[in-house]
Amino acid sequence: MKLAQALGANALADKDPLPPHLREQLLARDPLFVASHWVLAGAAVVGVIVALATVRPWGARAPRRLLLMVAWTLGILMIARSIGVLGFGFAGDALLLTGVRPPPFEHAALARTLARWDLLLWSPFFLLWGMCWATTGWRLSRRDSPAGTRQA
């Protein structure tokens, strides 16, 4: 999606849970946001390579500790983002939508719309993605440990 946005598409850009002034810059294709999309698209390519390195034979040449560190770090960060540790996610969206945490007065309708999108699309996506990375890290650590090896 970030690659599509970097190339000029607006795929779900208007549903990104950003503060209004940043959202306007995103939709106006501010050069900083375009550059950030290219950086994120590059990071996604690196993530694909790391994920493949955990299951493909050529990945055995990669430092196992590095793969473990990347997998666990991404898993923890994505799960934290999904549950709301970083300010948005299931917890933040639920607080905003139930009125426990009031939205900004001047952008209340937009904040509620973006919270719904985050609650129904982005947070579950990040939770699933984070669980996949955490599972990858767990499997790598089990494969490397003496208890995780099988005897024939």
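In what order do the elements of the protein chain run, from the N terminus on? Hello everyone, let's start there. The answer is α-α-α-α-α-α. Put as a count, the protein chain has six helices and zero strands. Please keep in mind that what you see is a predicted model.

Now for the overall shape. Taken along the principal axes, the C-alpha atoms of the protein chain fill a box of roughly 65 × 35 × 20 Å. The radius of gyration is 19 Å, whereas a compact globule of 152 residues would have one near 15 Å. As for burial, 28% of the 152 residues count as buried. The accessible surface of the protein chain comes to about 9700 Å², and carbon and sulfur atoms account for 71% of that surface.

How do the parts of the chain meet? If we take the contacts between residues at least 6 apart in sequence, 57% of them join residues at least 24 apart. Charges are worth a word too: the protein chain has 16 positive and 8 negative ones, and the mean positions of these two groups are 16 Å apart.

Let's zoom in on the loop between α1, residues 2–6, and α2, residues 20–27. Two residues there make a nice pair to look at. One is glycine 8, which lies in this loop and counts as partly exposed, at 35% relative accessibility. If you go 64 residues along the chain from glycine 8, you reach tryptophan 72, and the C-alpha atoms of these two residues are separated by 32 Å.

The other is lysine 15, also found in the loop between α1 and α2. Is lysine 15 buried or exposed? With a relative accessible area of 19%, lysine 15 is buried, because the cut-off is under 20%. And what is around it? Leaving aside neighbours within four places in sequence, lysine 15 is in contact with Leu114, Trp117 and Trp122. Close by in sequence, the side chain of lysine 15 makes a polar contact with the side chain of aspartate 14, at 3.1 Å.

My last stop is arginine 29, in the loop between α2 and α3, where α3 covers residues 31–53. Arginine 29 is partly exposed, with a relative accessible area of 31%. Its backbone is the thing to look at: phi of arginine 29 is near 60°, a positive value in a residue other than glycine. Most residues other than glycine have a negative phi.

That's my tour, and thank you for listening!

Key
Residues are numbered from 1 along each chain as its sequence is written. This is a predicted model: local features need pLDDT of at least 70, side-chain atom pairs count only at pLDDT 80 or more; totals for chains, interfaces and linings use all residues. Side-chain values use heavy atoms; hydrogens and water are left out. Helices (H or I, at least four residues) and strands (E, at least two) are DSSP runs, numbered from the N terminus. Buried means under 20% relative accessible area, exposed over 50%, partly exposed in between (1.4 Å probe, protein chains only). A polar contact is a pair of N or O atoms within 3.5 Å; within protein, one must be able to donate a hydrogen and the other to accept it, and residues adjacent in sequence count only if both atoms are side-chain atoms. Contact means heavy atoms within 4.5 Å. The radius of gyration is taken over C-alpha atoms; the globule rule is 2.2 Å times the number of residues to the power 0.38. Accessible areas come from the Shrake-Rupley method with a 1.4 Å probe; for residues, only the protein chains shown count as cover. Lys and Arg count as positive and Asp and Glu as negative; His and the chain ends are not counted. The place of a charge is taken as NZ of Lys, CZ of Arg, CG of Asp or CD of Glu.
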